[in-house]
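Me: I would like to go through the ligand sites and check each term against its definition. Please show the structure before we begin.

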Amino acid sequence: MVNLLNFNQPQLAQWFAEMGEKPFRAKQLMRWMHHFGEHDFEQMTDIAKVLREKLAIEAEITLPTVQLEQVSNDGTHKWLIGADTANSIETVFIPEDDRGTLCISSQVGCALECTFCSTGRQGFNRNLSVSEIIGQLAIANRSLRLETGYDMLPISERIISNVVMMGMGEPLANYDNVVTAMQIMLDDSAYGLSRRRLTLSTSGLVPAMDRLKEDCPVALAVSLHAPNDALRDVIVPINKKYPLKELMAACNRYLEKAPRDFVTFEYVMLDGINDTVEHAHQLVALVKNVSCKFNLIPFNPFPNSGYGTSKAVNIKTFRDILMQAGYVVTVRKTRGEDIDAACGQLAGKVLDKTKRVAKRISIEAI
Ligand code: SAH
Ligand code: SF4
């Protein structure tokens with residue numbers, strides 16, 4: 001049976017056309033499924049009864065299952081969501097004064113093996129489907145609306161105002177499904193998010209960045225983490241394939257189409273590894289031709305990581321050097337620490353099925 005949550009609007013229109021139905025049904029159904037969160041065909045009252053019955057036979061609207069929901073002292077929420085019996089992924093909601101951000105996963109595990117990342121340490125199992133990606137937004141939306149009693153408010157007063165593709169996995173390594181899910185997020189009949197409020201974070205898959213700017217240009221964050229190739233080759237190994245010079249050029253190409261006029265560079269602060277004054281000056285030189293902002297992320301520890309979090313004074317010095325060079329810099333506050341929901345701590349349950357050889361091939365193919 002086909003799960004209609006896997007389709008964006010054009011794909012759904014095509015599916016209706018193949019059934020001999022009018023393509024405008026797609027818009028109606030997108031509104032029911034995503035805008036109103038209605039998953040029972042029987043309740044879709046503006047669709048003829050005969051068609052509702054036909055839909056119930058041919059199709060389903062099925063969300064992934066929630067295994068656990070946790071709420072932190074600071075209001076951060078985390079959902080552990082079943083990808084299948086052996087695997088699960090995590091989704092995090094971070095409330096702030098002026099917005100609410102949902103952090104969505106794109107893969108079960110990750111093949112890219114950044115050394116400081118708990119997801120990367122677990123290896124790669126599989127890509128998430130479109131319904132599993134968009135399902136995270138649906139699950140969080142439903143749960144937060146029920147909890148806050150906001151159900152009666154217009155959709156414009158949303159609890160989730162921003163979405164970041166920054167959970168488990170490398171979104172651009174699951175390109176087709178991530179792009180389709182993001183198109184649903186942007187669709188006015190579905191979630192109607194603006195491109196500026198949807199951010200994709202990548203470790204720097206250059207060819208996929210070029211495709212994204214054509215297919216679905218959303219705000220872009222790039223995980224830089226090192227100011228020179230020698231260090232980045234070690235901590236973000238995909239750098240060996242797409243070194244910094246190519247990555248900076250790809251950022252500039254992306255900016256031609258991006259909804260914001262800057263790229264956000266994420267930089268995890270690892271004690272004694274990438275956080276010296278010298279590194280900060282190298283960083284300023286590296287990005288001099290790219291319109292950008294910086295987001296410094298104090299390293300979030302996890303068991304046996306082998307890394308420590310930079311000292312507060314070193315983070316401040318690093319930040320000041322970037323600011324003196326004229327850049328906007330934020331230092332990310334750690335949220336949801338008591339429920340292991342902080343950036344880079346998302347572990348889920350990943351049964352690593354990738355043999356090392358297969359892993360190498362998949363990286364080659366990216
Ligand atoms: N794969 C994508 C998106 C997911 S990771 C990417 O790498 O950009 C989201 C962000 O968390 C990235 O910037 C990543 O480098 C960072 N991160 C990973 N592990 C971390 C940790 N232990 N502490 C702090 N940030 C971490
Ligand atoms: Fe994958 Fe991103 Fe973690 Fe690197 S930081 S291993 S790309 S999830």
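Me: What makes the space taken by ligand 1 a cavity?

Reply: The space taken by ligand 1 is the largest cavity, because a cavity is a set of points, on a 1 Å grid over the protein atoms alone, where a 1.4 Å probe fits but cannot get out. This is a predicted model, in which local features need pLDDT of at least 70, side-chain atom pairs count only at pLDDT 80 or more, and totals for chains, interfaces and linings use all residues. Residues are numbered from 1 along each chain as its sequence is written, chains are lettered from A and ligands numbered from 1 in the order in which they are written, and side-chain values use heavy atoms, with hydrogens and water left out.

Me: Why is the pair between ligand 1 and the side chain of Ser-223 called a polar contact?

Reply: An oxygen atom of ligand 1 is 2.6 Å from an N or O atom in the Ser-223 side chain, and a polar contact is a pair of N or O atoms within 3.5 Å, so the pair qualifies. The side chain of His-225 also has an N or O atom 2.6 Å from an oxygen atom of ligand 1. At Asn-300, a polar backbone atom is 2.9 Å from a nitrogen atom of ligand 1.

Me: How do you know that ligand 2 sits in the largest cavity?

Reply: Ligand 2 is assigned to the largest cavity because a molecule sits in a cavity if more than half of its atoms lie within 2 Å of its grid points.

Methods. A polar contact is a pair of N or O atoms within 3.5 Å; within protein, one must be able to donate a hydrogen and the other to accept it, and residues adjacent in sequence count only if both atoms are side-chain atoms. On a 1 Å grid over the protein atoms alone, a cavity is a set of points where a 1.4 Å probe fits but cannot get out, and a pocket is an open set with protein on both sides within 12 Å along at least five of seven lines; lining residues have an atom within 4 Å of a point.
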